[in-house]
Amino acid sequence: MQHRLERVRVMVVERKLPALLISAPTNRRYLSGFTGTYGWLLVTPTTALLFTDSRYLLQAGQQAPAFAVRQVVNPGSPFPTLLRDAVVELGLTQLGIEAAHMHVAEYRSLQKEVGAACELVPVEGMVETLREIKDSAELNTLKRAIALTDAAITAVIERLTPDTTERQAAWMLEMAMRVGGAEAVSFPIIVAAGPNAALPHATPGDAPLGTGQPIVIDMGARIDGYHADLTRTIVLGEPDARFWAIYETVLKAQEAALLGLRPGLLTHEADALARDLIVEAGYGDHFGHGLGHGVGLDIHEGPGLRRENPLVPSQPLRSGMVTSIEPGIYLEGWGGVRIEDLVLITDGGCEVLSQAPKLRR
């Protein structure tokens with residue numbers, strides 16, 4: 001963790017900030033290792049403090065040795081008076097805050113605590129930018145979560161029958177991941193059969209999986225805080241010609257993206273690698289979401305691979321990023337197809353981390 005702390009300290013100096021307050025739980029965990037649900041980090045070029053209450057003192061000391069732990073005695077307050085004392089002690093006249101992770105009420109409470117002498121400076125993306133590049137420890141954990149997810153879906157698909165409901169299938173997948181060692185699922189599992197598969201984020205219900213219709217399964221295991229994300233589209237029984245036409249379009253689009261990914265490629269250019277093929281096939285209006293997103297301590301993090309948007313600037317892919325590649329086609333009344341793998345951007349292109357089998361004609 002020490003190298004992460006030093007990297008964020010460099011950014012604090014570059015931004016000419018005396019200190020940065022970390023309030024986002026995943027950013028707090030990334031920088032310190034502390035997994036408790038209550039706490040803040042205060043980082044300066046020379047100081048690292050972790051504020052938490054009595055429930056987590058021992059845990060914080062064990063998990064975050066690079067931080068001096070200070071006990072909060074008024075945990076009911078949005079921000080402890082102890083933080084104000086630290087601001088005074090360190091002589092801070094400015095304090096960077098994570099604008100994307102602080103509610104208005106928290107901002108007002110913090111402003112009241114630190115007083116007029118310390119200016120609150122909103123900053124965005126400082127820790128998140130660091131998190132986009134995965135270190136070796138993170139990659140090892142991600143690969144464990146991905147392998148467990150691959151194994152679970154492979155085992156469960158063999159046990160599905162036309163009478164199995166979406167909800168039952170989702171529970172079977174969750175049990176397989178839990179038994180295999182997952183601490184939790186990465187997100188509510190999606191199992192969507194037939195027309196329900198036209199909903200990219202469908203909620204499993206009591207509809208049977210049936211035969212001859214698309215079944216979209218989107219799932220992931222979480223291990224040590226890190227998420228996997230995998231989508232496969234399957235059919236029980238014999239697929240018809242329409243299914244194969246749509247499925248093979250999505251598969252070719254994904255394969256084109258996997259072949260074209262490389263460092264320096266802009267995120268909207270990565271999206272276009274797959275989207276252009278889907279548009280050429282006549283399904284452009286039926287691929288509404290982006291090609292992919294970063295995955296790590298959050299199931300959705302940077303980079304975002306999406307269409308060019310002047311309001312959301314594209315960024316170049318960098319070696320060490322882990323992102324999903326998940327093109328899809330969704331047709332109301334019929335269903336949908338999505339195929340998703342997690343990949344690691346490498347110096348020479350990308351490494352596909354997900355290994356669960358895909359349908360082949």
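**Sheet.** I started with strand pairing: S7 and strand S10 (residues 221-223) run antiparallel to each other, joined over two bridges. Worth noting at the top that this is a predicted model. I looked up who faces whom and found Ala184 standing opposite Arg222 in S10. Zooming out, I get an open sheet of three strands in the order S7-S10-S11, with antiparallel pairing. Its edge strands are S7 (184-185) and S11 (226-227), each of which pairs on one side only.

**Helix H8.** Next I went to H8, residues 166-180. I checked its length: 15 residues reach 21 Å from the first C-alpha to the last, close to the 21 Å expected at 1.5 Å a residue. Then I asked myself which residues of H8 are buried. I got Glu166, Ala169, Ala170, Met172, Leu173 and Met177. They cover an arc of only 160° around the axis, which means they sit on the same side of H8. The textbook background is that an α-helix has 3.6 residues a turn, so residues three or four places apart point the same way.

What do the buried residues of H8 pack against? My list reads helix H7 (136-157), strand S8 (190-193), strand S9 (215-219), and also S7 and S10. So much for the packing; I also peeked at the residue just after H8, Gly181, and it takes a positive phi of about 120°.

**Asn27.** I picked out Asn27, which lies in helix H2 (residues 25-32). Buried or exposed, I wondered about Asn27? Buried, because its relative accessibility is 0%, where the cut-off is under 20%. I then pulled its contacts, leaving aside neighbours within four places in sequence: Ile22, Glu98, His101, Val127, Glu128 and Arg131.

**Rings.** I ran a search of the whole structure for aromatic pairs and got five. One of them is Tyr38 with Trp40: the ring centres are 5.1 Å apart and the planes at 75°, so I logged the pair as edge-to-face. Tyr38 and Trp40 are both buried.

Phe243 and Trp244 also make an edge-to-face pair, because their planes are at 70°, with the centres 5.6 Å apart. I looked up accessibility for both: Phe243 counts as buried at 1%, and Trp244 is buried with a relative accessible area of 11%. Following the ring pairs onward, I found that they link Phe243, Trp244 and Tyr247 into a cluster.

**Charge over ring.** Last lookup: where does the charged end of Arg275 sit? I found it over the ring of Phe287, 4.0 Å from the ring's centre.

Definitions and conventions. Residues are numbered from 1 along each chain as its sequence is written. This is a predicted model: local features need pLDDT of at least 70, side-chain atom pairs count only at pLDDT 80 or more; totals for chains, interfaces and linings use all residues. Side-chain values use heavy atoms; hydrogens and water are left out. Two strands pair if DSSP finds at least two bridges between them. Helices (H or I, at least four residues) and strands (E, at least two) are DSSP runs, numbered from the N terminus. Buried means under 20% relative accessible area, exposed over 50%, partly exposed in between (1.4 Å probe, protein chains only). Contact means heavy atoms within 4.5 Å. The expected span of a helix is 1.5 Å times one less than its number of residues. The arc is that of the directions from the helix axis to the C-beta atoms. Rings of Phe, Tyr and Trp (its six-membered ring) pair if their centres lie within 6.5 Å; planes under 30 degrees apart count as stacked, over 60 as edge-to-face and the rest as tilted. A charge sits over a ring if NZ of Lys or CZ of Arg is within 6 Å of the ring centre and within 35 degrees of the ring normal.
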